[in-house]
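Student: Can we walk through this one together? Bring it up first.
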Amino acid sequence: DIVIQVGDTLLLEGAPEDIQRLAADMDMVDIARPSARAYRRGHAPLALGALAMIVVLAASTIAAPARADQAVSGEAEHAQPHHSFLFGLKAAAGGQFSGDMRRFGQGVGIFAEKSLIPGWLDLEVVAIAAEVGPERIYPVDVLVKKPFQLHPAISGYLGLGGSMTLEVVDEESAWRPGLAAAAGVYVWLDRHWGFDAEVDYNYLLDEGGMHEVNVAVGPVLRF
């Protein structure tokens with residue numbers, strides 16, 4: 001018989017459930033517990049429904065009569081010119097939180113924004129590549145944004161939408177649906193160039209729920 005002593009390390013091969021059950025029976029610590037997390041598939045329709053609502057809203061607003069044909073007041077003639085398309089880069093840092101789990105990381109991304117109703121409704125698509133703990137994550141967010149003017153050179157916005165996140169750990173990967181929200185400002189240095197500062201929040205429909213909070217900044221170009 002083999003006597004197991006404190007500090008011994010065993011190399012076992014088998015199903016994760018069997019290894020975890022053996023570790024529990026023998027009062028051992030499973031140091032190689034798989035890091036992949038199962039998520040609540042029942043929440044997937046919620047995320048898909050949110051994305052569908054975004055698409056329907058975008059289509060309905062595009063089909064609506066153009067608001068740009070409305071009369072322009074004397075003050076509006078001196079306001080910032082309207083731009084229908086924005087493109088930008090961002091550097092992001094933040095963390096994921098679920099129960100007692102806390103982990104932090106950073107990444108880079110790109111985004112494109114299209115004006116649906118000038119001064120009232122925008123549609124944005126954001127793609128990020130980041131490392132958080134042992135994982136590489138690739139979230140894609142689709143947001144409907146409400147812009148508002150704070151100053152001739154500063155515009156703010158609030159956004160709400162859905163997200164899909166690809167998580168990669170070693171050779172394993174999984175898609176995580178979720179909900180997304182964002183708040184930020186554009187500071188314009190001239191008619192076309194400026195920078196974006198944003199705080200965003202994602203709720204991943206993971207087992208027990210997963211919260212993501214990020215801060216991002218980067219240059220932006222408007223056309």
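Tutor: We take the cavity, then one strand residue, then a surface patch.
This is a predicted model: local features need pLDDT of at least 70, side-chain atom pairs count only at pLDDT 80 or more, and totals for chains, interfaces and linings use all residues. Residues are numbered from 1 along each chain as its sequence is written, and side-chain values use heavy atoms, without hydrogens and water.

Student: How many cavities of 30 Å³ or more are there?
Tutor: The search of the whole structure finds one. A cavity is a set of points on a 1 Å grid over the protein atoms alone where a 1.4 Å probe fits but cannot get out; lining residues have an atom within 4 Å of a point. Volume is the space filled by probe spheres set on the points, which are joined across faces, edges and corners.

Student: How much space lies in the largest cavity?
Tutor: About 260 Å³. It has 26 lining residues, and the closest to its centre are Ala 92, Ile 128, Pro 139, Asp 200 and Asn 214.

Student: Which element gives the most to the lining?
Tutor: Strand S1, with six residues. Strands are DSSP runs of E, at least two residues, numbered from the N terminus.

Student: New topic. Is Gly 105 buried or exposed?
Tutor: Gly 105 counts as buried because its relative accessibility is 10%. Buried means under 20% relative accessible area, exposed over 50%, partly exposed in between (1.4 Å probe, protein chains only). Gly 105 is found in strand S2. Its C-alpha atom is separated by 4.2 Å from that of Val 132, 27 residues apart along the chain.

Student: And where does Leu 10 lie?
Tutor: In the segment before helix H1 (16–25). Leu 10 counts as partly exposed, at 42% relative accessibility.

Methods. Helices (H or I, at least four residues) and strands (E, at least two) are DSSP runs, numbered from the N terminus. On a 1 Å grid over the protein atoms alone, a cavity is a set of points where a 1.4 Å probe fits but cannot get out, and a pocket is an open set with protein on both sides within 12 Å along at least five of seven lines; lining residues have an atom within 4 Å of a point.
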